[in-house]
Amino acid sequence: EKGSARVLVTGKNGNGKTALLAGIVASARVSGHIVLYMPDGDRLRRRGYYVEPCPHREKLYVLPEIAKELCAELLTSHGDDLKSLTADRTVMGEFMSDELVGKLFDRAAEAGESVDEDASVLSLDRILEIGKDSSSLSSGCHSTVISALMNQKEKPFTVVMDEFNCYYDHGHYFHGHYDADVRKAIPLDRITVFKPFLDAMGLRPTEAGTEMGTMSGPPDSEKRSAMMDWGSIVVATSESRAVRRSFTRSLSEAAAAASSGDDGDCPVHVVDVGRFDGTEVRHALYNFEITGIGRLRFDRGDTTLNPEEIEYLRLVSGGKGQQLMDACILPRL
């Protein structure tokens, strides 16, 4: 069945949340999913170069340089997969003015695309190709492609976001159009590169650093569901970034409250990544040795075949994946 799913991954620092997401990305791509991977939420929520009011969508804002970056990454990872998928002028018109849509088709024609005056569709890979090189078109191109992917059932679309709790921390984007005194940060669910995914997760914690949720759900002009038709959105919190613990806790509580699906949306599955037990430590060490991690690269099984050595590494690492890897890399004193 072609459905959708929402997943929040939680756990203590070093338990392996990021490694789990990386495994999900690799597995999904091998399984034929188109995957948008955003591993650095802390950077994206504060270092977008500059923010502007969206010229075509009231009360929303754009990060043109971040949009260019995301267009380029999606094109690099799935350019071939996107050639068979298209977006028409109606979808483009939701995110761009008629002038920009015309400019988009002109750029496609200049790049060698067979576009006549009556052309109404462009392939998604061509839209991304244009968006990654144009600050004026990048935000509209990115939003068009994401909307097309979330509202189609030809190929599953999976979004994976790490450091998701960073999006609910105090904001770092300011503009006089939002607050005349430039004191209030723009909530990230009003910034177009983040909005589709924050809306899809649908988590509105009671405590956050900005006025998150003041525009919950798509605008009235966008009648489509916030969740993708076929695919999933998988996000994880981070314990290693400077985010107030109460914000992270409130986000987890909101996910737990949405786990029943009583709100009419698909339920949020909360996955807590715990510490490794003895068997998991042993299997992790086998993988470390096979891939040549640290001192295990040359010890020819002396560590993995020694129960006492395995127990020692479990104790010094506390069963945490990151610390277990560190213990294998750093020499003993």
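The dialogue below goes through pockets, a cavity, salt bridges, backbone angles and a surface patch in this predicted model.

Reader: I would like to begin with the open spaces, so what volume does the largest pocket have, and which residues lie nearest its centre?

Author: The largest pocket of this predicted model has a volume of about 550 Å³. Its lining is made up of 25 residues, and those nearest the centre are Gly14, Gly16, Lys17, Thr18 and Ala19. When you look for the secondary structure around the largest pocket, you will find that helix 1 (17–30), helix 10 (278–291) and helix 12 (321–329) each give at least two residues to the lining. Sorted by class, the lining holds 7 nonpolar, 11 polar and 7 charged residues.

Reader: How many residues line the second largest pocket, and which element gives the largest share of the lining?

Author: The second largest pocket, with about 320 Å³ of space, is lined by 15 residues, of which Lys12, Glu239, Arg245, Thr248 and Ser252 are nearest the centre. Strand 1 (4–11), helix 9 (245–257) and strand 9 (268–273) each contribute at least two lining residues, and the largest share, 4 residues, belongs to helix 9. By class, this lining has 2 nonpolar, 7 polar and 6 charged residues.

Reader: Strand 9 has now been mentioned, so where is histidine 269, and how far in space is it from valine 243?

Author: Histidine 269 is a residue of strand 9, and its relative accessible area of 42% makes it partly exposed. Although histidine 269 and valine 243 are 26 residues apart in sequence, you can look up their C-alpha atoms and find them 22 Å apart in space.

Reader: How many cavities of 30 Å³ or more are there, and which residues line the second largest one?

Author: A cavity differs from a pocket in that a probe fits inside a cavity but cannot get out. There are 2 cavities of 30 Å³ or more in this structure, and the second largest contains about 30 Å³ of space. It is lined by Arg45, Cys166, Tyr167, Asp169, His170, Gly171, His172, Leu188 and Thr210, a set that divides into 3 nonpolar, 4 polar and 2 charged residues.

Reader: How should I read salt bridges, and how many are counted here?

Author: The general idea is that side chains of opposite charge can pair when their charged atoms come close. In this structure the count comes to 18 salt bridges. Lysine 132 is a good place to begin, with glutamate 129 as one partner at 3.4 Å between the closest N and O atoms, and aspartate 133 as another at 3.3 Å. Lysine 132 is partly exposed at 24% relative accessible area, and glutamate 129 is partly exposed at 31%, whereas aspartate 133, at 53%, counts as exposed because the cut-off for that word is over 50%.

Reader: Which parts of the chain does the salt bridge between glutamate 211 and lysine 184 tie together?

Author: The side chains of glutamate 211 and lysine 184 meet at 3.7 Å, N to O. Glutamate 211 lies in the loop between helix 8 (195–201) and strand 8 (231–236), and lysine 184 in the loop between strand 7 (157–161) and helix 8, so this pair ties together parts that are 27 residues apart in sequence. Glutamate 211 is partly exposed at 38% relative accessibility, and lysine 184 is partly exposed at 47%. Elsewhere, salt bridges with shared partners join Asp42, Arg45, Arg46 and Asp169 into one network, and Arg45 and Asp169 also appear in the lining of the second largest cavity.

Reader: What is the phi of glutamate 163, and is this residue buried or exposed?

Author: As a general idea, most residues other than glycine have a negative phi. Glutamate 163 is not a glycine, yet has a positive phi of about 55 degrees. It belongs to the loop between strand 7 and helix 8, and it counts as buried because its relative accessibility is 7%, under the 20% cut-off. Valine 182 has a positive phi near 55 degrees as well, and is also placed in the loop between strand 7 and helix 8, but valine 182 is partly exposed at 42%.

Reader: Which residues form the nonpolar patch on the surface?

Author: Tyr312, Leu315 and Val316 form this patch, with about 280 Å² of accessible area together. Valine 316 sits in helix 11 (residues 307–317), and its relative accessibility of 42% makes it partly exposed.

Technical notes: Residues are numbered from 1 along each chain as its sequence is written. This is a predicted model: local features need pLDDT of at least 70, side-chain atom pairs count only at pLDDT 80 or more; totals for chains, interfaces and linings use all residues. Side-chain values use heavy atoms; hydrogens and water are left out. Patches are made of residues with over 30% relative accessible area and no salt bridge: like charges are joined within 9 Å, nonpolar side chains (Val, Leu, Ile, Met, Phe, Trp, Tyr) within 5 Å. Accessible areas come from the Shrake-Rupley method with a 1.4 Å probe; for residues, only the protein chains shown count as cover. A salt bridge is a side-chain nitrogen of Lys or Arg within 4 Å of a carboxyl oxygen of Asp or Glu. Buried means under 20% relative accessible area, exposed over 50%, partly exposed in between (1.4 Å probe, protein chains only). On a 1 Å grid over the protein atoms alone, a cavity is a set of points where a 1.4 Å probe fits but cannot get out, and a pocket is an open set with protein on both sides within 12 Å along at least five of seven lines; lining residues have an atom within 4 Å of a point. Grid points are joined across faces, edges and corners, and a volume is the space filled by probe spheres set on the points. Ala, Val, Leu, Ile, Met, Phe, Trp, Tyr, Cys and Pro count as nonpolar, Asp, Glu, Lys and Arg as charged, and the others, Gly among them, as polar.
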